[in-house]
Structure formats: structure tokens, C-alpha cells
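Q: I am new to this structure and would like a close look at one part of it. Please start with a helix and the sheet it lies across, then work outwards.

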Amino acid sequence: MTTHPAYLDLPPARRAAGVVALPGSKSISNRVLLLAALAEGRTQIAGLLDSDDTRVMLAALRQLGVAVTDQGDGWVDIEGTRRFPVMQADLFLGNAGTAFRPLTAALALMGGDYRLSGVPRMHERPIGDLAEALRAWGADIRYLGQEGYPPLHIGPSALRADTVRVQGSVSSQFLTALLMAAPLQAAASGLPVTIEVVGELISKPYIDITLNLMARFGVTVQRDGWRAFTVPGGACYRSPGAIAVEGDASSASYFLALGLLGGGPLRVTGVGARSIQGDVAFADVVQALGGQVSKGPDWIEVSGQGVAAGGQVKAFDADFNLIPDAAMTAAAMALFADGPCRLRNIGSWRVKETDRIHAMQTELMKLGAQVESGPDWLAVTPPAAGGWRDAEIGTWDDHRMAMCFSLAAFGPAAVRILDPGCVSKTFPTYFDVYASLVSG
């Protein structure tokens, strides 16, 4: 087992510049792994993220009988099975929502006997809306603990092709899970399967990722805006042969922010104007906050005056419903704003790796910011002149908390990051990369 230091003291930062090759996208990596496993044929995956979440998915697929060959350096070969060979298994899925939710849906349509569990925090993350939608298809899903939450028992059941409805306001991963599993139903019955969204769908760009990747594996989903999605009867996944994983646009947000706070130029490679990830829109946020942004097909570069040279982040009041993960970076940037800032429509933060609204408020206040919050919003007034305080930043077992608060090193306070190893969930080498770009 890899051991991590209990804390990391960040040296004072004044400049940030350089080039970063981003690790693969977590969202794309785990989607591609499952689609490749459910497809006809062999798929060679390049640029796969190596992190806790992808290791969880790979381990689960191997346990379910899928042939996975690790070629090294982010190259993985998967021999698709369409239906998993192993019909009974106990799967431990850590705190990986991008593994737990889609696997729940796929396994519910397999006709086998499965138990799914995770770390304690995963057992606090709701899954009831997904489970109820799957039950409408005839799936046998039972809760082994609290109603509406993991762990789950999935049993054999009599399934039918039908229209199902799912709540869209809690997590877009529920709709993603149903979409990715729907071809299993459509192929078995020969009939179309329709998924209707109840309420306002959040995080729509993540659904775009799902639909784009399904199309690459041969299944084109017909859609009625964001209200209904139909998978044609008889549809089934077929391997594209080879597929490359984009760099992680959510992880790009920290470096784009560094380009503004540290002057830059700072370029990220692996995502750009052609990206299928919604979080590339954070580059537009950085530009609105005062950064100078340029883009190419697979790169984004940011420069700015830099806070050490007297630059400030422009105060903002913005709706972050479409980019909730990258929005956390904006909350950390608010420490350097020229006035109060407000993040709106971020209710999904409450059901992530931790309650991110509460966690962010707690840690920003340690540094001297005044922070208020509500069910789906956060308001940050930056520390007054002379009001910064040295702080030990708790990361709440949440990789994004650790990475966001690395930006605080550009302030006048001493910053200690507790449990920095939690970044292994998506970006194990983050602090090494950060150190290579930042100077005092």
C-alpha cells in the first residue's frame, strides 16, 4: 500500500509559468472502460487516466470476467463481452461515482446476482433516483443499508423495454448510467428504450460527453432537447478499434487559474477548442476574471498581471450549474478578488466526494475570508488587507479540495495542505507538477 505524507507545506508563490500535459479525463476514462467492456470486439484505449477511480473500474471489470490487458503508459486493451461472463460477484467500488452509478445500471440488466459497496462516504451519496428508474425497467435492486443509498444488492429479474423516468436535479450521473445501459435493453428486446428526465437536468455537458462516446461505440441516441432520450431498438455497442482519452478539463482549471494568479504564460495540453468536455468553458471564466486566454485545437494558454505584481481577480456573480467541478477553482480564486463573489446553482456540490459547499466555506474562512452559503450557493468576501491568516487546510478526503487550495499559496499566509495524497483519486502527481510550475 502506498503511504502518503500527513501534510504538505506550500512555499510562498509569486510566479507560475510553463507547460502541463494533462492526465486523462476521469469522466471519459471510466465511460470508455465500461463501453469497451460492453462492446463487440477489441478496443485499444490510449491516454487512460491512472488514478484511484480508474483502478476501481478496471478491478471491477476484471472481477466480472472482462479481459483487460495493461500495456503501460496509459495504453489498455479490452476484449468486449457485451454481457459480463461472471454472474455473481461482490464489488467494492471505493468512492468512485463514475464507476458505481454506471455499473449499477449495467449490472441491473445482466440477470446476475451482485452486491455493490464502497467507502463510508459512498454510502452517504444518494442513488435512489437511479435505483427507482431501474426498477421501472423491472430490475431487482435492494438497499443493504439506508433506503436510497448504497450498498446495494442486485438480483436476477424479468426485464422489459419501456419508457423510464429519472430525476435530473441531483446528479447527471444517474442519466448517464441509464443511457449507457439502455442498449443492453434495446438489443435484447429489439424495441426502442426511452429515458425521460424529470425536473431540471444539471451538469448537461457531462451528458454530452456520454452521448458523444456512445456514438463512437456505434449507438446514436435520439434526443428531444434535454427532456427525453431514445435508444433505437436492436442497438448494440461495437468497438471503434482504438480510442484516445482527452486530457482532464476539470484538472486543467487549476493551471488556468495559476496562469492568471502567477502571471504565466501557462499552457495546458490535452484539451482545447475541440474538446468534448464542458469544463473547457472554465477558460472563458478565467478570461472574464481578468486572464488573457488563447486556445488551439488541443491546448489552452493563460497569462495575467499576477497577484504579486498587484493584479487582482475581477469579482464575479455567476451560475456554475454547467461546470460544477471546475467551479471549485473559481471559489478558491475568490480569495484574490477585488470584491465579494457569489457562486450560484452549485447544489450538486452537496452530494459529491464530500459536502463541498460546507467544506469550501470552512476552509476559506480559515484563511480569513468571510463566507456565507445556502442550499445551492456560496458567497465569498476575500480577506481584507492584513486579514489573511495562516491555515491548515483540511481536504475532507476530496481530491479537488486539495488541488483548489494550492492556489492559496499566492496569498501572504502560510498554507499547509492536510492529507495531500487524496489527489490520487484523479491526479496522483498533482503537487509535483504544481511545484515544477510555481516559484517564489
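**A helix across a sheet**

A: Start with helix 1, residues 26–38 of this predicted model. Helix 1 lies across strand 3 (42–46), strand 5 and strand 14. Its direction is at about 165° to that of strand 3.

Now the sheet itself. It is open and has 4 strands, in the order 4-5-3-14. The pairing is mixed. Two strands sit at the edges: strand 4 (67–72) and strand 14 (242–244). Each of them pairs on one side only. On average, neighbouring strands are turned by 20° against each other, direction ignored.

Look closer at one pair. Strand 4 and strand 5 (residues 75–79) run antiparallel, and 5 bridges join them. One residue to find here is Val68, whose bridge partner in strand 5 is Ile78.

Follow the chain out of strand 5. The loop between strand 5 and strand 6 (88–92) holds Arg82. Arg82 is not a glycine, yet its phi is positive, near 65°. Is Arg82 buried or exposed, or something in between? Its relative accessible area is 33%, so Arg82 counts as partly exposed.

A second residue invites a comparison. Ser203 also has a positive phi without being glycine, here near 50°. It is found in the loop between strand 11 (193–198) and helix 6 (204–216). Its relative accessible area is 4%. The cut-off for buried is under 20%, so Ser203 is buried.

Next comes helix 5, residues 172–189. Begin at its N-terminal end. Ser171 caps that end: a side-chain oxygen of Ser171 lies 3.1 Å from the backbone nitrogen of Gln173. The helix has 18 residues. From first C-alpha to last it reaches 26 Å, close to the 26 Å expected at 1.5 Å a residue. It does bend, though. A kink of about 35° lies at Ala181. The proline Pro183 follows shortly after that point. Helix 5 is mostly covered, with 15 of its 18 residues buried. Just past the helix stands Gly190, with a positive phi of about 75°.

Two peptide bonds also deserve a look. The bond from Pro150 to Pro151 is cis, with omega near 0°. Pro151 has its place in the loop between strand 8 (140–143) and strand 9 (152–155). The bond from Gly264 to Pro265 is cis too, again with omega near 0°. Pro265, however, lies in a strand: strand 15, residues 263–269.

Finish with Thr329, in helix 9 (residues 324–333). Its relative accessible area is 0%. That is under the 20% cut-off, so Thr329 is buried. What does it touch, leaving aside its neighbours within four places in sequence? Thr329 is in contact with Ser253, Tyr254, Ala257, Phe282, Cys404 and Leu407. With Ser253 there is also a polar contact, side chain to side chain, at 2.7 Å.

To retrace the route, return to helix 1 and the strands it lies across. Then step along the sheet order, 4-5-3-14. From strand 5, move to the loop with Arg82. Go on to the kink at Ala181 in helix 5, and end at Thr329 in helix 9.

Definitions and conventions
Residues are numbered from 1 along each chain as its sequence is written. This is a predicted model: local features need pLDDT of at least 70, side-chain atom pairs count only at pLDDT 80 or more; totals for chains, interfaces and linings use all residues. Side-chain values use heavy atoms; hydrogens and water are left out. Two strands pair if DSSP finds at least two bridges between them. Axes are lines fitted to C-alpha atoms, for helices over the stretch in contact, and angles run from 0 to 180 degrees between N-to-C directions. Contact means heavy atoms within 4.5 Å. The expected span of a helix is 1.5 Å times one less than its number of residues. The bend at a residue is the angle between axes fitted to the seven residues ending there and the seven starting there. Buried means under 20% relative accessible area, exposed over 50%, partly exposed in between (1.4 Å probe, protein chains only). A polar contact is a pair of N or O atoms within 3.5 Å; within protein, one must be able to donate a hydrogen and the other to accept it, and residues adjacent in sequence count only if both atoms are side-chain atoms.
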